[in-house]
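Please walk me through this protein model, beginning with one side-chain contact and widening the view step by step to the chain as a whole.

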Amino acid sequence: DADALSGRYSIKFFDSFGEDWVTKPIAISGTGVVDATPHCDSVTEALLELPLSAVPSVDCSQNVIDTDRGVEYTLTFTGNPGPLRELELDLHLDGARP
């Protein structure tokens, strides 16, 4: 059930020089909204707050897949940050491991 999806994670972004940057923790829910804020707004804010303008600009879109599978997100880096590695997610901000 997507309504049970909750918690926090961070995004690891690698710039064109290979330097990695980690966002502040981002809250998530199965509905795509946390405390009346769309999840895309939180993701965009976290990426744009990385030091040294590591992410110059980014667009985020979200699509609720269905009530049992949660939300799908698409990030488009609209500036020219150069060649980028795939983003990584840190899902274990509470210290728990599966």
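In this predicted model, the side chains of D15 and W21 make a polar contact with each other, at a distance of 3.1 Å. The D15 side chain also has a polar atom that lies 2.9 Å from the backbone nitrogen of F17, and F17 and W21 are thus both named among the polar neighbours of this one side chain.

As for where D15 sits, the residue belongs to the loop that runs between β1, residues 6-14, and β2, residues 20-22. Although placed in a loop, D15 counts as buried, because its relative accessibility is 13% and the cut-off for buried is under 20%.

Once residues up to four places away in sequence are set aside, D15 touches W21, P83 and L84. The contact with L84 bridges a long stretch of chain, since D15 and L84 are 69 residues apart in sequence, while their C-alpha atoms are 6.1 Å apart in space.

Turning from this residue to the whole protein chain, one finds one helix and eight strands, arranged along the sequence in the pattern β-β-β-β-β-α-β-β-β. Contacts across the sequence can be described for the chain too: among those between residues at least 6 apart, 47% join residues at least 24 apart.

Burial can likewise be viewed at this level, for 28% of the 98 residues of the protein chain count as buried. The accessible surface of the chain, finally, comes to about 6,300 Å², and carbon and sulfur atoms account for 50% of that area.

How values were computed:
Residues numbered from 1 in each chain as written. Predicted model: local features only at pLDDT ≥ 70, side-chain atom pairs only at ≥ 80, totals over all residues. Heavy atoms only, no water. Helix = DSSP H or I, 4+ residues; strand = E, 2+ residues; numbered from the N terminus. Buried < 20%, exposed > 50% of the residue type's maximum accessible area, 1.4 Å probe, protein only. Contact = heavy atoms within 4.5 Å. Polar contact = N/O pair within 3.5 Å; in protein donor to acceptor, adjacent residues only side chain to side chain. Areas by Shrake-Rupley, 256 points an atom, 1.4 Å probe, with all protein chains shown as cover.
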